[in-house]
Amino acid sequence: MSLSTEIKDYEQLLRQNKEWAQRVTEQDPHFFERLTNVQKPKYLWIGCSDSRVPPDRITGTQPGEIFIHRNIANMVVDTDLNLLSVLEYAVNVLSVEHVIVCGHYGCGGVKAAMENKTAGLINKWLINIKDAYRHNREELDAITDAKKKLDKLIEVNIREQLFNLTKTSIIQKSWREKKSPHLHGWVYDVADGLINPICDIPAGSEIDPIYRYVDI
Ligand code: CO
């Protein structure tokens, strides 16, 4: 691709932005004014960075409705300062009512984690998915079809990441003090645009004793 074509593509986004802002203002003259000074989203979305899974588009939500964190394979890693900062702000300051961890079928990150090739720095990230496999090895090893196995690991990974949220002092403290937020695990299907709800952990659920904090 030549440089001039790249600049053209990039400028196209700015043109489309102007058109979008104009269209929204025409339909709702006070739309941007309402959003200027306050954001009060009900939802925190932890999703995959995959370009085919835009949270607001697939849920029919508008700017201001979802607080969003995305990373490769929608992981909740308890040493990830970025994720923890987003979670703390969403839970303690924005008081979101629901945290949604949403994966997607055909996730390249999860697929790479099932392989044995090194992939640079990303190994260190994907190793968390390998852990999810190990924790559910019996169920996964029983599946012989490669695609079905990948789909199952993607679902299992959602369960694991939802569980990882319950391990954080942020969620435990909020459950104790506010009985909020509820946790939801979903998997989006790029092939038909539909979300498959996998599991829920209501606020205030029992915390696994080994992870439970009693002094927060
Ligand atoms: Co993905």
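Okay, let's start with charges: this structure holds 11 salt bridges. Keep in mind that what you're looking at is a predicted model. I'll go through a few of those pairs, then the overall layout, and then a couple of spots I'd like you to find on screen.

So, salt bridges. Side chains of opposite charge can pair when their charged atoms come close. Take Arg52 and Asp50, which form one with their closest N and O atoms 2.7 Å apart. Are these two buried or exposed? Arg52 is partly exposed, because its relative accessibility comes out at 42%. Asp50, on the other hand, sits at 16%, so it counts as buried.

Next pair: Glu139 and Lys152, whose side chains meet in a salt bridge at 3.7 Å, N to O. Glu139 belongs to helix α7, residues 137-141, and Lys152 to helix α8, so this pair ties together parts that are 13 residues apart in sequence. Glu139 is partly exposed, with a relative accessible area of 33%, and Lys152 is partly exposed too, at 23%. And that pair has company: Glu139, Lys152, Glu155 and Arg159 are linked in a network of salt bridges.

One more, and this one stays inside a single helix. Glu177 pairs with Lys173, the closest N and O atoms being 3.4 Å apart. Both lie in helix α9, 4 residues apart, about one turn of the helix. Why does that spacing work for pointing the same way? An α-helix has 3.6 residues a turn, so residues three or four places apart point the same way. As for accessibility, Glu177 counts as exposed at 56%, while Lys173 is partly exposed at 38%.

Right, let's zoom out. The protein has 216 residues, and 37% of them count as buried. You'll find 9 helices and 5 strands, and going along the sequence the order is α-α-β-α-β-α-β-α-α-α-α-α-β-β. The C-alpha trace spans about 55 × 50 × 30 Å along its principal axes. If you take contacts between residues at least 6 apart in sequence, 65% of them join residues at least 24 apart.

Now, domains. The assignment gives domain 1 as residues 1-38 and domain 2 as residues 40-203. Their C-alpha centres lie 29 Å apart. How many residues of each are in contact with the other domain? It's 4 from domain 1 and 4 from domain 2. Together the two domains bury about 260 Å² between them, with 81% of that on carbon and sulfur atoms. On the domain 1 side, Phe31, Leu35 and Val38 supply 87% of the buried area, more than any other three residues. And what kinds of residues make up that side of domain 1? They're 4 nonpolar, with no polar and no charged ones. Between the domains there are 0 salt bridges, and the count of residue pairs in polar contact, taking both at pLDDT 80 or more, is 0 as well.

Okay, back to α9, residues 169-178. Its buried residues are Ile170, Ile171, Gln172, Ser174 and Trp175. The elements covering them include α4, α8, β4 (182-188) and β5 (195-201). Just after the helix comes Lys179, with a positive phi near 50 degrees.

Step back the other way and you hit Thr168, in the loop between α8 and α9. Thr168 is at 8% relative accessibility, so it counts as buried. Have a look at its side chain: a polar atom there lies 2.7 Å from the backbone oxygen of Leu165. A polar atom of the Thr168 side chain also lies 3.2 Å from the backbone nitrogen of Ile171. Beyond its neighbours within four places in sequence, Thr168 is in contact with Leu84, Leu87 and Tyr213.

Last stop is Leu94, in the loop between α4 (81-93) and β3 (98-104). Leu94 counts as buried because its relative accessibility is 5%. What does it touch, leaving aside neighbours within four places in sequence? Leu94 is in contact with Gln39, Lys40, Pro41, Phe67 and Tyr89. And to link back to α9, Leu94 and Ser174 are 80 residues apart in sequence and 12 Å apart in space, C-alpha to C-alpha.

That's my tour, thanks!

Conventions:
Residues are numbered from 1 along each chain as its sequence is written. This is a predicted model: local features need pLDDT of at least 70, side-chain atom pairs count only at pLDDT 80 or more; totals for chains, interfaces and linings use all residues. Side-chain values use heavy atoms; hydrogens and water are left out. Domain bounds come from an automatic or database domain assignment. Contact means heavy atoms within 4.5 Å. Buried area is the accessible area (1.4 Å probe) that two parts lose on being put together, summed over both. A salt bridge is a side-chain nitrogen of Lys or Arg within 4 Å of a carboxyl oxygen of Asp or Glu. A polar contact is a pair of N or O atoms within 3.5 Å; within protein, one must be able to donate a hydrogen and the other to accept it, and residues adjacent in sequence count only if both atoms are side-chain atoms. Ala, Val, Leu, Ile, Met, Phe, Trp, Tyr, Cys and Pro count as nonpolar, Asp, Glu, Lys and Arg as charged, and the others, Gly among them, as polar. Helices (H or I, at least four residues) and strands (E, at least two) are DSSP runs, numbered from the N terminus. Buried means under 20% relative accessible area, exposed over 50%, partly exposed in between (1.4 Å probe, protein chains only).
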